[in-house]
Each structure stands twice: as C-alpha cells, then as structure tokens.
Amino acid sequence: MITTIPPQSNEMSTVDALWVLIQGQTKAVRKALIERLLAEQDKTKAQKAMVKDSLTRAFDELHSGKVHHDARKLFTE
C-alpha cells in the first residue's frame, strides 16, 4: 500500500526570514545593524519624551488658566 504525506508548508514569517538573513552576515555588519537599531530606538524615545513634555506643559497651562484660545496668535511676531 502506498501512503502519501501531505506537503509541508514552506512559508516563513517575515521576521524569521529577516533573522536568517541577519545571522548570515558578518560580525561587523551585525554590529552595525545593532548600533543603527539602538540609535533609532533612542531617537524614538527622545521624540516620545518631547511629546510628553509638550502635552504636560499644555495641560499645566490649561489648568492654570493660561490658555491661548486663538492658536494663530502663538506664532505671530
């Protein structure tokens, strides 16, 4: 009797495919990738902190009554 085995799926997730490509790189390239990823992470953290500070100041001004009702006047000389 002949039995058939269903074909296995060869699909790989994008992350797994990227990981395989990274593992195949030289140590110097992997190090450069790590440095770039960490720099991007630091940039993102700085942007989040800036937004948080800006919102905190805006809410502080709102609660203290220093609200600018016409935002167009904020940037006039």
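What percentage of the 77 residues in the chain is buried? Keep that in mind as you look around this predicted model. The answer is 0%.

Start with the whole chain. Show the cartoon and you will find two helices and zero strands. Now switch on the surface: the accessible area comes to about 8,100 Å², and 60% of it belongs to carbon and sulfur atoms.

Next, select residues 27–64, which form α2. Its 38 residues should span 56 Å at 1.5 Å a residue, and the end C-alpha atoms are 55 Å apart, so the two values agree.

Step just past the helix and click on Gly65. This glycine follows α2 and has a positive phi, near 90°.

Move on to Val67, which also lies in the segment after α2. Val67 counts as partly exposed because its relative accessibility is 34%, a value between the cut-offs of 20% and 50%.

Finally, select Val51, Leu55, Phe59, Leu62 and Val67 together. These residues make a nonpolar surface patch of about 440 Å². Colour them brightly to finish your tour!

Key:
Residues numbered from 1 in each chain as written. Predicted model: local features only at pLDDT ≥ 70, side-chain atom pairs only at ≥ 80, totals over all residues. Heavy atoms only, no water. Helix = DSSP H or I, 4+ residues; strand = E, 2+ residues; numbered from the N terminus. Buried < 20%, exposed > 50% of the residue type's maximum accessible area, 1.4 Å probe, protein only. Areas by Shrake-Rupley, 256 points an atom, 1.4 Å probe, with all protein chains shown as cover. Patch = residues over 30% accessible without salt bridge, like charges linked within 9 Å, V, L, I, M, F, W, Y side chains within 5 Å. Salt bridge = Lys/Arg side-chain N within 4 Å of Asp/Glu carboxyl O. Expected span 1.5 Å × (residues − 1).
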